Amino acid sequence: MGAHVTMNDLTWSAQGLAKWYGQVIALNDVSFEIQAPIVGLLGPNGAGKSSLIRLLTGQLRPSKGRVSVMGQAPFGNRMLLARMGYCPEHDRFYEQLTAYQFLEMLTRLYGVEAAGAARLADEALSRLDLTKQRDQVIFTLSHGMRQRLKVAQALAHQPDWLVLDEPFSGMDPIGRAKMIRLLRQQAEGGCRILLSSHVLHELEAVTSDILLLHQGRLLAKGMIQSIRRLIDEHPHRIALTAKNPRELGRELLKYEDVARVEIENDSLVVETRSPDACYDRIGELALAGGFQIKSMLSLDDNLESVFRYLVK
Amino acid sequence: MNFVSNKAKPSVLPGLLESGWLMAKLFLKVAVGKKHLGWLLMVLLAPVGLTVYLRVFRGGSGEVLFEEIMVNAYLQFLCLGVSLFWGVSAIRDEIEDKTIVYLFSRPIRRGVIFGGKIVSVILFSFAILSVGVGLSYLVATVPEGFAYCTSKLYFLVKALGVIWLACMVYTSLFGLAGVLFRKPMLLAMLFAVGWEGFVSNLSGRFPMLTIMYYLKSLLGLGPDTEGIIAVLMPALEPAGHAESLAVILVGTLVFFFGCVYLGARKEIRV
């Protein structure tokens with residue numbers, strides 16, 4: 001089986017794609033073509049990530065424009081769906097089934113015969129560290145286990161394309177690290193992955209190719225570094241707490257790249273056009289000890305501020 | 001250059017029958033585990049208890065008693081109720097619980113998802129109802145002797161046939177309501193109680209517009225009209241068997257394929 005497609009077909013693409021639900025516009029004139037082992041879909045809540053994912057996995061039909069995976073429209077495309085794995089965002093299951101029953105049943109729906117589905121279900125449980133929970137009823141599983149089970153059902157049948165909507169949600173740091181390793185292994189095995197997140201560093205850990213969505217529009221596309229650079233061209237804000245914030249602020253304002261300093265009690269926020277140089281300088285000042293800098297936090301790791309810059 | 005995966009892959013897409021069978025298995029696994037199944041079984045077996053009570057305290061002919069229980073408890077109440085409850089929820093629960101995305105992301109025809117669920121509900125409802133009907137029959141007829149019980153078996157077979165037809169037509173109709181409406185339960189209940197329960201027993205020709213009229217006609221029964229209205233407007237005679245069967249089968253086909261067709265084409269947002 002399987003429709004053979006040429007390498008020239010871009011893995012994920014959209015042309016003038018729009019999706020609206022009644023009066024609500026979820027996606028508006030989104031166009032992209034991207035081919036990479038792992039693609040990250042980045043955007044705050046309500047950006048349209050899940051709508052785009054549902055369009056790419058054939059759950060929904062575009063209201064306008066085209067969406068395709070390997071050059072094929074996904075809605076009702078059974079050949080494409082047979083080679084795709086999809087992990088939805090929401091935490092919903094057939095709660096009465098055991099983890100094994102859930103995986104075996106859903107794997108069989110890919111056309112795998114009973115014995116093969118049983119083997120693949122057990123393999124998926126093992127890969128996601130759920131072997132001990134194999135015969136446990138789903139509603140008794142912890143949030144992290146449920147999240148892993150959701151990923152397991154997407155990759156049990158060994159898909160060529162894997163689409164994961166917020167796969168790290170609710171995972172502890174160890175689970176997250178294991179998931180990152182698993183996704184990298186999948187990609188090394190030839191599986192093309194598209195995953196969404198609203199946390200930049202989660203995506204940075206697995207890929208450098210991202211699509212940046214905000215309010216239903218595609219803001220940027222490409223290497224994460226270029227998006228970082230784009231961000232760095234705009235003023236960057238650093239929050240500091242220090243024993244002598246006023247003196248520290250006065251010292252920092254001597255430099256050209258520092259545009260503004262706000263002081264409140266023992267903390268100050270520095271706005272700079274050259275974050276790297278500013279971080280180095282703050283490090284030197286901290287080492288010198290005169291200002292007793294207690295903490296430093298980059299406020300621009302917050303995606304919302306990144307989007308504020310980019311939509312200006 | 002061709003992109004060819006070297007991984008183990010399913011050799012064929014799941015066929016129509018295989019997908020339908022898997023849908024039925026999924027429904028059974030999920031429905032059997034549901035908390036309300038125990039409660040529903042109790043309700044379904046309640047007519048058996050009622051038959052025992054009437055047999056002991058009222059007596060009378062076993063055939064008449066069975067007919068009374070069959071029409072009033074099973075056909076007009078439980079059959080309608082079970083088809084409504086499972087017909088609507090088999091489809092609506094998947095959508096509201098958002099579990100339908102697991103099915104929509106598999107390479108099976110969307111129509112099969114809806115069709116498979118309806119067929120499973122029909123089989124499951126009939127299996128459960130027929131146990132109750134069979135037990136009620138035994139309770140009603142066995143006290144009059146084994147020979148009497150076996151001589152009236154044709155009536156049990158006819159009753160089970162009508163129950164089967166009722167499960168088919170009502171489940172398909174309520175399944176269609178589950179696909180068409182976001183909140184179908186209230187509407188379905190109004191239809192079951194108001195239309196099928198009330199209009200089917202009105203005087204005049206109104207009952208011809210209900211499904212229940214044709215189901216009861218297959219048992220040789222007309223609308224159960226009483227009071228002053230019955231004097232003013234005579235009750236309708238039962239329809240012929242061929243006409244009744246035709247109306248029920250055509251209705252089932254229209255509702256069933258309507259549900260499959262709309263389910264396959266309608267965009268369901270979860």
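**Two chains, their sheet and their cores**

Modeller: Chain A has eleven helices and 14 strands. Both are DSSP runs numbered from the N terminus: helices are H or I with at least four residues, strands are E with at least two. This is a predicted model: local features need pLDDT of at least 70, side-chain atom pairs count only at pLDDT 80 or more, and totals for chains, interfaces and linings use all residues. Residues are numbered from 1 along each chain as its sequence is written, while chains are lettered from A and ligands numbered from 1 in the order in which they are written.

Colleague: What percentage of the residues in chain A are buried?

Modeller: Buried takes 20 or more other C-beta atoms within 10 Å of a residue's own; exposed is 12 or fewer, partly exposed in between, with C-beta atoms placed from the backbone. Chain A has 312 residues, and its C-alpha atoms fill a box of roughly 75 × 45 × 35 Å along the principal axes. The buried share is 42%.

Colleague: In the open sheet of chain A, which are the edge strands?

Modeller: Strands pair if DSSP finds at least two bridges between them. The sheet has six strands with mixed pairing, in the order S6-S7-S8-S4-S9-S10. Twist averages 15 degrees from one strand to the next. Two strands pair on one side only: S6 (84-87) and S10 (217-223) of chain A.

Colleague: Which residue stands opposite Met84(A)?

Modeller: S6(A) pairs with S7 (residues 161-165) of chain A. The sense is parallel, over four bridges. Opposite Met84(A), in S7(A), stands Trp161(A).

Colleague: At what angle does helix H6 of chain A run to S8(A)?

Modeller: Axes are lines fitted to C-alpha atoms, for helices over the stretch in contact, and angles run from 0 to 180 degrees between N-to-C directions. Contact means C-beta atoms, placed from the backbone, within 7 Å. H5 (residues 143-155) of chain A lies across S6 and S7, at about 165 degrees to S6(A). H6 (residues 173-188) lies across S4 (38-42), S7 and S8 (192-197), and its angle to S8(A) is about 150 degrees.

Colleague: Which helix gives the most to the largest nonpolar core?

Modeller: A nonpolar core is a set of buried Ala, Val, Leu, Ile, Met, Phe, Trp, Tyr and Cys residues joined through C-beta atoms within 7 Å. The largest has 142 residues, and Tyr74(B) and Cys79(B) are among those with the most contacts inside it. With 17 residues, the top contributor is chain B's helix H3 (residues 62-96).

Colleague: Where is the kink in H3(B) centred?

Modeller: The bend at a residue is the angle between axes fitted to the seven residues ending there and the seven starting there. In H3(B) the kink is about 40 degrees. Its centre is Tyr74(B).

Colleague: Is Pro47(B) buried or exposed?

Modeller: Pro47(B) lies in helix H2 (residues 36-57) of chain B. Beyond four places in sequence, its contacts include Ile69(B), Ala73(B) and Tyr74(B). Because 22 other C-beta atoms lie within 10 Å, Pro47(B) is buried.

Colleague: How many residues of helix H9 of chain B are buried?

Modeller: H9 spans residues 211-218 of chain B and is mostly covered. The cover includes H3, H7 (153-180), H8 (184-198) and H11 (241-265) of chain B. Leu215(B) and Lys216(B) are among the buried residues. Of its eight residues, the buried number is eight.

Terms used:
Contact = placed C-beta atoms within 7 Å.
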